[in-house]
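This report covers strand pairing, nonpolar cores and helix packing in one protein chain. The sequence and structure come first.

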Amino acid sequence: MISRQLSGGASVVALEGDFGVGKTSLAAAAAWDAAQWRANGGPLFIPMKIRLSLRPDDSRESFEQKTMRAVAATLVESAGKLKQEGRTLAGIEAVKRWLQAPEAGGWSGGVSASILGQGGGLSGGRNRTPNTSSGFSESGILDIVDEWLAQLFPDRASGGVICFLDNLEELRDSETALSVMEPLRDALFKRPGLRWLISGAQGMIRAAYASPKMTGVFLDPIEVLPLDHSLVPGVIAARADALKNRDDAVVPVSEKAFAHLYASIGQNLRYALNLSERYAFGQDPEALVLLDDKKRDDKFEESIKVEADRVYSAYAHDLTSADWKVFDKLLREKAGTCSPSDFADFGYKAMPPLLIRIDKLKAAHLVTYTKDDADQRRRTISVSDHGRLAYFRHVNS
């Protein structure tokens with residue numbers, strides 16, 4: 001679906017899903033795939049290597065500056081390949097110097113109109129201005145980058161530079177999301193030559209999508225769901241094969257041990273991989289090679305138990321069976337996320353009794369409970385990583 005929207009000319013492709021569900025990885029894979037279309041005569045897509053993020057205190061000017069510097073760096077890095085196609089980016093040395101300088105190179109005068117044709121260059125003299133949004137807007141460098149974009153992507157069917165905007169949930173609530181994003185509509189989201197892959201959790205994508213000002217910019221957000229559990233063994237087997245780069249290499253965490261961890265934390269692939277990676281980097285490879293498979297698995301499980309015991313003892317030791325019943329249902333039947341309005345699914349006739357349990361789980365750091373101050377209907381309960389570790393201890397005690 002991402003590829004279809006990109007090839008169809010969408011300015012913004014929006015991905016929404018729970019934390020750690022794989023939105024960023026999916027966007028990166030789709031962008032890489034789009035970058036290969038050129039080899040078969042398709043449109044030119046050039047993905048950015050960096051990921052951008054918006055903060056509540058970002059202004060249109062500051063984020064535009066940050067974005068256009070990243071676009072400039074992306075095109076400069078791609079200049080060699082573009083030249084092989086006969087596409088020369090005029091003024092590239094000036095842009096390189098500007099990117100490398102601690103101050104922005106403010107260019108008085110303008111950019112010659114022949115940049116889109118043969119040759120072209122810069123006119124006027126140079127002054128030095130601090131590398132701020134003011135200095136950036138005064139610089140002809142921005143004009144050069146826009147000319148490059150117009151040269152490479154004369155229309156949406158030609159492709160574009162793919163920009164990544166991650167973690168939109170950092171904007172905290174829908175009111176903040178709209179106040180920060182709406183001014184970016186014309187400056188960046190509809191800027192010729194730029195295409196956007198935007199991802200977020202906790203409903204922030206839909207908050208931006210619902211704005212009348214964003215109509216025609218955001219298509220209906222793509223919901224990213226967790227990987228089907230039946231596919232996880234194949235993912236782990238492929239990763240294990242990739243790690244065996246030597247005949248005497250061993251995988252620190254076997255597929256069997258990983259499967260047990262994965263099930264015991266509520267089937268969250270992202271966190272299971274994170275725990276396994278942390279364990280692996282803390283081990284002596286030479287010592288692991290000397291152990292047989294069972295001892296390696298025992299060593300891994302003992303390490304996880306120690307960490308889980310620490311979390312359980314600190315936060316969850318006084319939870320009741322009723323508290324754990326709610327947590328178990330949230331983790332296993334709700335995939336770790338729900339709304340208080342789902343109280344009937346937990347066996348309650350009203351919301352307050354459920355919230356009593358949720359407040360206890362929140363106090364124990366097993367869940368987070370977020371409220372949107374601008375929209376009281378948007379409230380989300382989510383299992384935390386601490387909660388998953390405590391649950392490992394709970395089900396394996």
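## Strand pairing

Two strands are taken to pair if DSSP finds at least two bridges between them. The model is predicted. In it, strand S1 (residues 12-16) runs parallel to strand S7 (residues 194-200), and five bridges join the two. Within this pairing, Ala14 of S1 has Ile198 of S7 as its bridge partner.

S1 also pairs with strand S8 (residues 222-223), again in the parallel sense, over two bridges. Here Leu15 of S1 is matched with Ile222 of S8.

## Burial of S1

In a regular strand the side chains alternate between the two faces of the sheet. Which residues of S1 are buried on each side? Val12, Ala14 and Glu16 are buried on one side, and Val13 and Leu15 are buried on the other. Five of the five residues of S1 are thus buried, and the strand is mostly covered.

## Nonpolar cores

The largest nonpolar core holds 66 residues. Val71, Leu75, Met181, Phe189, Trp196 and Ile198 have the most contacts inside it. Another core, of 43 residues, lies apart from the largest one and includes Tyr279, Leu354, Ile358 and Leu366.

Setting aside neighbours within four places in sequence, Val71 contacts Met48, Val145, Leu149, Val161, Cys163 and Leu194.

## Helix H18

Helix H18 spans residues 385-395, and its residues Gly387, Arg388, Leu389, Ala390, Tyr391 and Phe392 are buried. The buried residues of H18 pack against four helices, H12 (255-264), H13 (269-281), H15 (293-316) and H16 (321-332), and against strand S11 (379-383).

Key: Residues numbered from 1 in each chain as written. Predicted model: local features only at pLDDT ≥ 70, side-chain atom pairs only at ≥ 80, totals over all residues. Heavy atoms only, no water. Buried < 20%, exposed > 50% of the residue type's maximum accessible area, 1.4 Å probe, protein only. Core = buried A, V, L, I, M, F, W, Y, C linked by side-chain atoms within 4.5 Å. Contact = heavy atoms within 4.5 Å.
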